[in-house]
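Dear colleague,

Please find below the structure that I am handing over to you, followed by an account of what was found in it. I would be grateful if you would read the account with the structure open beside it.

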Amino acid sequence: MSIGDPKPRAERVNLVNLENVGKAYGAEVLLDRVSLGLAEGERVGIVGRNGGGKTTLVSLIAGFAQPDEGRVTHARGLRVGFLAQHDELAGSGTVRDHVLGEAPEHEWAGDRRTREVTRGLLGEVELDAPVGFLSGGERRRVALAGLLVAEYDLLVLDEPTNHLDIEAVDWLGRHLAHRGCALAVVTHDRWFLDEVCTQTWEVAGGPVHRYDGGYAAYVLARAERARLAAAAEERRRNLLRKELAWLRRGPPARTSKPKFRPAAASALIGNEPPPRDTVELVRFARVRLGKIVYELDDVVLRADGSVLFDGVTWRLGPGERVGVVGRNGSGKTSLLRLLAGDLEPDAGRVRRGKTVRPAYLSQELAELDPARRVLEAVEEVRRVVRIGQGRELSAGQLLERFGFRGERQWTPIGELSGGERRRLQLMRLLMTEPNVLLLDEPTNDLDIDTLTELEDLLDGWPGSMVVVAHDRYFLERVADHVVALLGDGRLSYLGGGVEEYLARRRADRTERAGPGGAGGASGVRGVAAETGRGTAAERRAARKELARLERRLERLTARENELQELLAAHASDYEKLMELDAEFRQVRAEREGIEDAWLALADAADG
């Protein structure tokens, strides 16, 4: 039994039942004879291709849509909380109005769930801030917080992690896994699926396939299903070949052939399955990188009166794959824009290698003209592309391989789904044949199948890459190491990856929430701060992390000493001296960052 499940599955009552449900929009059938049940305490993740019917399914479950055929029934008195995929917050009112309503402060401040939700989701958002002035990410947090402070039997969430940073996704996953109520959630976040869900439902062009477990179990079960289907297809093809061979063997004059044999062969031919609707992200030709890709030397960057980078020194080497994490507004996009040449530092220097050909994938889709057709948008970049080994593809052929088939190539961009526009944006980017990829939230709006195709492409990417992403699974899959913007003006190397980043952020929140920490009645950060030292298990985990940090510090200190000796030995070799100096600065910055993390954890471990 999973954490948060109130009783064994056999003893639970279904809250929602779908019986032979069908739903279509125009000629497109999204759901066909679907029969499923969602029981109390079950947490179901819903996956499938973009536009395949996931939102339709959760709308039926929540009772906001009606099936064309079949029926959807709810348990008597069922309380359903629904989060739509797109922002539906009214433009008027404050954060307090939308999250806490008219509840007096002593009432909500004394409620443990309300304190937990507001601290976990709202962060620096002021309770008295008008929602009309909030960013998209802040509005998403407010909508989620308003839903989670209330009491429901079933939560139905459509892409709840959209616009959330890694820290907020981590909090939301842990909260929902322990909340205890039933859950139906549409998400492409694979870490979230594994952390939260006890079942996975795959919407597959009509039917819905059910799997026990989260993403890992779903992948294994789907692979087994594909293996069995491939074996059945191979048997069918073998029989087809035998039938056709039999038909060819007989003399033309023979008239006594049993008529059922040609009929059987025709049936087999007619049963030929359609080609898979997959996205193939081909590998493009690229210019080889030299020794230097990017070097940042004492870079200072300011934005809106605050300092994002304060004397940052950092080096990106050939073939290096770096993930960048940090809270929204910490400067992640600014770092990519510095590397792309769209921003100039206020002080310091950004040095780019002579052979560098960067490609910058921004978060914005506005650069795609909604009036242009898909094929036109591609041909304005390049009509023919080389994909290695002397092979060439036309723009139309390339679109076929990216999943834009037939008439879809003539669709106006404004009519494409978010995932399709993101895929088109990525395709146009790759057609410039870059050797450095600068990717800002590349996973936005992509379904799981397209994400795995993108990861496969990046596995074989020979150039350098810097990726900003809130998708924890994607980051850990494609990046060799992670750096973080922690709000101190530095770029900190994280040997422990995303886990280390989250540990640092938790330690920082604990420190700020303690006696003397910032906060107040108008801000959420200091609401009813709990000043305990944590459980014994948390202290043991902190001590374990301290030991790991100490081992890393020893290695970094040894390397720093070694680099000092090498610098002295190569004092007359300018090129070697620059290379060693860049590494020395990076090692020193990493050591200082780990020392800060050690100090933050030491108090928790000693508690």
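Two packed helices count as roughly antiparallel when the angle between their directions is over 145 degrees, and as roughly parallel when that angle is under 35 degrees. Please bear in mind throughout that the model is predicted.

Helix 4 and helix 6

Helix 4, residues 112–122, packs against helix 6, residues 166–179, at an angle of about 155°, and their axes lie 10 Å apart. The two helices are therefore roughly antiparallel to each other. Helix 4 passes helix 6 in a left-handed crossing. On the side of helix 4, the contact is made by R113, E116, V117, G120 and L121, and helix 6 contributes W171, H175 and R179. By class, the residues of this contact are three nonpolar, two polar and three charged.

Helix 5 and helix 6

Helix 6 also packs with helix 5, residues 136–148, here at an angle of about 15° and with the axes 13 Å apart. That angle makes helix 5 roughly parallel to helix 6. The crossing of helix 5 and helix 6 is left-handed. R141, L144, L147 and L148 of helix 5 meet A168, W171, L172, H175, L176 and R179 of helix 6. This contact holds seven nonpolar residues, one polar residue and two charged residues.

Overall composition

The protein has 18 helices and 20 strands. Of its 607 residues, 47% count as buried. Among contacts with a separation of 6 or more, 70% are between residues 24 or more positions apart.

Nonpolar cores

The largest nonpolar core has 45 residues, and of these L424 and L437 touch the most other members. Helix 13, residues 418–430, gives the most to this core, with five residues. With neighbours within four places in sequence left aside, L437 is in contact with A359, L429, L430, L458, W461, S464, M465 and V466. There is also a second, separate core of 41 residues, which includes L122, L176, F192 and C197. Of these, L176 is one of the helix 6 residues that meet helix 5.

Helix 1

Helix 1 covers residues 54–62, and eight of its nine residues are buried, so this helix is largely enclosed by the rest of the structure. The buried residues are K54, T56, L57, V58, S59, L60, I61 and A62. Just after helix 1, G63 takes a positive phi of about 90°.

L38 and its surroundings

L38 is found in strand 2, residues 28–39. Is L38 buried or exposed? Residues under 20% relative accessible area count as buried, and L38, with a relative accessible area of 2%, is therefore buried. Which residues does L38 touch, not counting those up to four places away in sequence? They are N14, L15, V16, V44, L154, A182, L183, A184 and W201. In addition, L38 and N17 are 21 residues apart in sequence, and the distance between them in space is 6.6 Å, C-alpha to C-alpha.

For your inspection of the model, I would suggest beginning with W171, H175 and R179, which take part in the contact of helix 6 with helix 4 and are also listed in the contact of helix 6 with helix 5.

With kind regards

Key:
Residues are numbered from 1 along each chain as its sequence is written. This is a predicted model: local features need pLDDT of at least 70, side-chain atom pairs count only at pLDDT 80 or more; totals for chains, interfaces and linings use all residues. Side-chain values use heavy atoms; hydrogens and water are left out. Axes are lines fitted to C-alpha atoms, for helices over the stretch in contact, and angles run from 0 to 180 degrees between N-to-C directions. Helices (H or I, at least four residues) and strands (E, at least two) are DSSP runs, numbered from the N terminus. Angles under 35 degrees count as roughly parallel, over 145 as roughly antiparallel, 65 to 115 as roughly perpendicular and the rest as oblique. A crossing is left-handed if the near helix is turned anticlockwise from the far one by less than a right angle, and right-handed if clockwise. Contact means heavy atoms within 4.5 Å. Ala, Val, Leu, Ile, Met, Phe, Trp, Tyr, Cys and Pro count as nonpolar, Asp, Glu, Lys and Arg as charged, and the others, Gly among them, as polar. Buried means under 20% relative accessible area, exposed over 50%, partly exposed in between (1.4 Å probe, protein chains only). A nonpolar core is a set of buried Ala, Val, Leu, Ile, Met, Phe, Trp, Tyr and Cys residues joined through side-chain atoms within 4.5 Å.
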